[in-house]
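Here are a few friendly notes to read alongside the model. Please keep the sequence and the structure open as you go through the points.

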Amino acid sequence: METMTTTERITAGTIAPATQTRHPAETTRERATRYVFAGIRIALGWTFLWAFLDKVFGLGHATEAKNAWINGGSPTKGFLTFGAAGPFKGFYNGIAGAAWADVLFMAGLAAIGVALLLGIGMRVAAVAGVVLYVMMWTVVLPPENNPFLDDHLLNAALLVGLALVNAGATLGLGAAWAKLPLVRRFPWLR
């Protein structure tokens, strides 16, 4: 009986080297899942970016034009002064309207929104978004419609999930972003 060398077996197709191993084709369910998560990512990104734009320009939804940031209004003063309740009320009342709080809040809204919309920096956006959502949750405790849970905590969990499933790669620039030398050097930027 003739014996084959490892190279001959690979060539004959009986053993595939690790670099040539192919994963099964993506199923319809897997493809649909990627697009659902991409849609959720884009929707959450838009909520952050919309909040930023409304507070900057006073587009009349949550912020009137006279209270817009470009017209000298404070994006944190009104809600943190009059809407805060619960165990952290004193803390939030104390930072309401502070220039540093306004800048950090607005920078967070803009950066998280853009990152989610583009699908880049998902890990950083998820961490920053979770911090922002949890802080917004703690402004009014307990939540109005539930003794503990509200949409802020659900959205925070969604952000973590989006980062874990690499949702920025579908309908976003996440795959290209991951190939950048800086991102390759510091994977936490993915």
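1. Let us begin with Leu189, which counts as buried because its relative accessible area is 17%, under the 20% cut-off for that class. Do bear in mind that this is a predicted model. Leu189 sits in the segment after helix H9 (181-185). Leaving aside residues up to four places away in sequence, the contacts of Leu189 are with Gly121, Val124, Trp177, Leu182 and Val183. Ile120 is 69 residues away from Leu189 along the chain, yet the C-alpha atoms of the two are separated by 8.4 Å.

2. Next, the overall make-up. The chain has 9 helices and 0 strands, so from the N terminus the elements read α-α-α-α-α-α-α-α-α. Of the 190 residues in the chain, 32% are buried. Contacts between residues at least 6 apart in sequence include a 60% share that joins residues at least 24 apart. As for the accessible surface, the total for the chain is about 12,100 Å², and carbon and sulfur atoms account for 66% of that.

3. Helix H5 (residues 99-118) deserves a careful look. With 20 residues at 1.5 Å a residue, H5 should span 28 Å, and the distance of 28 Å between its end C-alpha atoms agrees with this. The buried residues of H5 are Ala101, Asp102, Phe105, Met106, Gly108, Leu109, Ala110, Ile112, Gly113, Ala115 and Leu116. What do these buried residues of H5 pack against? Their partners are helix H2 (28-57), helix H4 (89-95), H6 and helix H7 (151-164). After H5 comes Gly119, with a positive phi near 80°.

4. A general reminder may help when you view the spacing of buried positions in a helix. An α-helix has 3.6 residues a turn, so residues three or four places apart point the same way.

5. Now to the nonpolar interior. The largest nonpolar core holds 21 residues, and Phe48, Phe52, Leu109, Leu116 and Leu159 have the most contacts inside it. Two or more residues of this core come from each of H2, H5, H6 and H7. Which element gives the most to this core? That is H5, with 7 residues. Another core, of 8 residues, lies apart from the largest one, and its members include Ala84, Tyr92, Ala98 and Ala101.

6. Phe52 is a good place to zoom in. Not counting residues up to four places away in sequence, Phe52 touches Met106, Leu109 and Ala110. Each of these three is also listed among the buried residues of H5.

7. Helix H7 can be checked in the same manner. Its 14 residues, at 1.5 Å a residue, should span 20 Å, and the end C-alpha atoms are indeed 20 Å apart. Leu153, Asn155, Ala156, Leu159 and Leu162 are the buried residues of H7, and they pack against H2, H5 and H6.

8. I would also point you to Asn155, which is found in H7. Is Asn155 buried or exposed? Asn155 is buried, because its relative accessible area is 17%, and the class takes in values under 20%. Apart from residues up to four places away in sequence, Asn155 touches Leu44 and Tyr133.

9. On the outside, Phe88, Phe91, Val127, Val131 and Met135 make a nonpolar surface patch of about 460 Å². Helix H6 (residues 122-139) gives the most to this patch, with 3 residues. Val131 is found in H6 and counts as partly exposed because its relative accessibility is 47%, which falls between the 20% and 50% limits.

10. Finally, the charged pairs. How many salt bridges does the structure hold? There are 2 salt bridges. In one of them, the side chains of Arg34 and Glu26 meet at 2.5 Å, N to O. Arg34 is partly exposed, at 31% relative accessible area, and Glu26 is partly exposed too, at 39%. In another, the side chains of Glu64 and Lys66 meet at 3.9 Å, N to O. Here Glu64 is partly exposed, with 47% relative accessibility, whereas Lys66 counts as exposed, at 62%.

Note on methods. Residues numbered from 1 in each chain as written. Predicted model: local features only at pLDDT ≥ 70, side-chain atom pairs only at ≥ 80, totals over all residues. Heavy atoms only, no water. Patch = residues over 30% accessible without salt bridge, like charges linked within 9 Å, V, L, I, M, F, W, Y side chains within 5 Å. Areas by Shrake-Rupley, 256 points an atom, 1.4 Å probe, with all protein chains shown as cover. Salt bridge = Lys/Arg side-chain N within 4 Å of Asp/Glu carboxyl O. Helix = DSSP H or I, 4+ residues; strand = E, 2+ residues; numbered from the N terminus. Buried < 20%, exposed > 50% of the residue type's maximum accessible area, 1.4 Å probe, protein only. Expected span 1.5 Å × (residues − 1). Contact = heavy atoms within 4.5 Å. Core = buried A, V, L, I, M, F, W, Y, C linked by side-chain atoms within 4.5 Å.
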